[in-house]
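Dear colleague,

Here is the structure I promised to pass on to you. Please look through it first, and then read my notes below.

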Amino acid sequence: MSILQSRVTGVAGKLALFKQHGVSLLAISPQMPRYNDQLRGDLALDFEWLFDEDNMLANNCGISFELQDYANSTYNKLGIRLSEYNGNDNNGLPAPAVFVIDKDCRVSYRFWMSIIQIDLVLMSY
């Protein structure tokens with residue numbers, strides 16, 4: 001299971017808790033829509049998944065980074081072709097992040113780290 005799959009599965013496992021608190025879940029990824037759709041189907045994910053073309057949203061949110069050459073080389077050896085998955089050659093990825101957008105369409109909570117602790121996000125509501 002890839003890092004993306006494990007993180008998405010972990011968040012999806014809390015979907016009932018989100019709904020209980022009246023919260024909708026939306027995933028955004030730089031992967032091409034066909035790969036997002038495949039992942040949604042493989043993992044039976046029941047929430048919307050949008051395509052962030054060229055990491056534009058991640059760049060605007062300040063959570064994107066570019067893989068160094070040695071890391072990209074390692075990805076390639078593992079059969080992970082970012083250029084194929086993301087439809088570009090910039091080797092950019094977003095950091096895993098959570099944004100809570102309130103009813104007034106304002107970001108009321110912004111958080112990113114290696115392990116997303118959903119319970120901490122929901123405690124603020």
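**Charged pairs, the core and the fold**

R106 forms a salt bridge with D102, and the closest N and O atoms of this pair are 3.7 Å apart. Please keep in mind throughout that this is a predicted model, so that every value in this email is computed from predicted coordinates.

R106 also pairs with D104, where the closest N and O atoms are 3.0 Å apart, and D102, D104 and R106 are accordingly linked in a network of salt bridges. The members of this network differ in how much of their surface is accessible: R106, at 49% relative accessibility, counts as partly exposed, and D102 is likewise partly exposed, with a relative accessible area of 22%, whereas D104 is exposed, with 56%. For D102 and R106 the class depends on the cut-offs, because buried means under 20% relative accessible area and exposed means over 50%, with partly exposed in between.

The count for the chain comes to 3 salt bridges, and one of them joins D46 to K19, with the closest N and O atoms 3.8 Å apart. D46 lies in the loop between α3 (33–42) and β2 (48–51), while K19 belongs to helix α2 (residues 15–20), so this pair ties together parts of the chain that are 27 residues apart in sequence. Both ends of the bridge are open to the surface in the model, since D46 counts as exposed at 55% relative accessibility and K19 is exposed as well, with a relative accessible area of 51%.

Turning to the interior, which residues make up the largest nonpolar core? This core has 11 residues, namely V8, V11, A12, L15, F18, L25, A27, L39, L45, F47 and W49. Helices α1 (3–12) and α2 each supply at least two of the residues in this core, and α1 gives the most to it, with 3 residues. For A12, one of the core residues, the contacts beyond its neighbours within four places in sequence are with L45 and F47, both of which are also listed in the core.

Another position to inspect is N86, which lies in helix α6 (residues 82–86). Is N86 buried or exposed? N86 is buried, with a relative accessible area of 4%, and, if residues up to four places away in sequence are not counted, N86 touches P30, Q31, M32, G92 and L93.

As for the chain as a whole, the secondary structure comes to 7 helices and 6 strands, and, read along the sequence, these elements follow the pattern α-α-β-α-β-α-β-α-α-β-β-β-α. The chain has 125 residues, of which 30% count as buried, and its accessible surface comes to about 8300 Å², with 54% of that area belonging to carbon and sulfur atoms. Among the contacts between residues at least 6 apart in sequence, 48% join residues that are at least 24 apart.

With best wishes

Conventions: Residues are numbered from 1 along each chain as its sequence is written. This is a predicted model: local features need pLDDT of at least 70, side-chain atom pairs count only at pLDDT 80 or more; totals for chains, interfaces and linings use all residues. Side-chain values use heavy atoms; hydrogens and water are left out. A salt bridge is a side-chain nitrogen of Lys or Arg within 4 Å of a carboxyl oxygen of Asp or Glu. Helices (H or I, at least four residues) and strands (E, at least two) are DSSP runs, numbered from the N terminus. Buried means under 20% relative accessible area, exposed over 50%, partly exposed in between (1.4 Å probe, protein chains only). Contact means heavy atoms within 4.5 Å. Accessible areas come from the Shrake-Rupley method with a 1.4 Å probe; for residues, only the protein chains shown count as cover. A nonpolar core is a set of buried Ala, Val, Leu, Ile, Met, Phe, Trp, Tyr and Cys residues joined through side-chain atoms within 4.5 Å.
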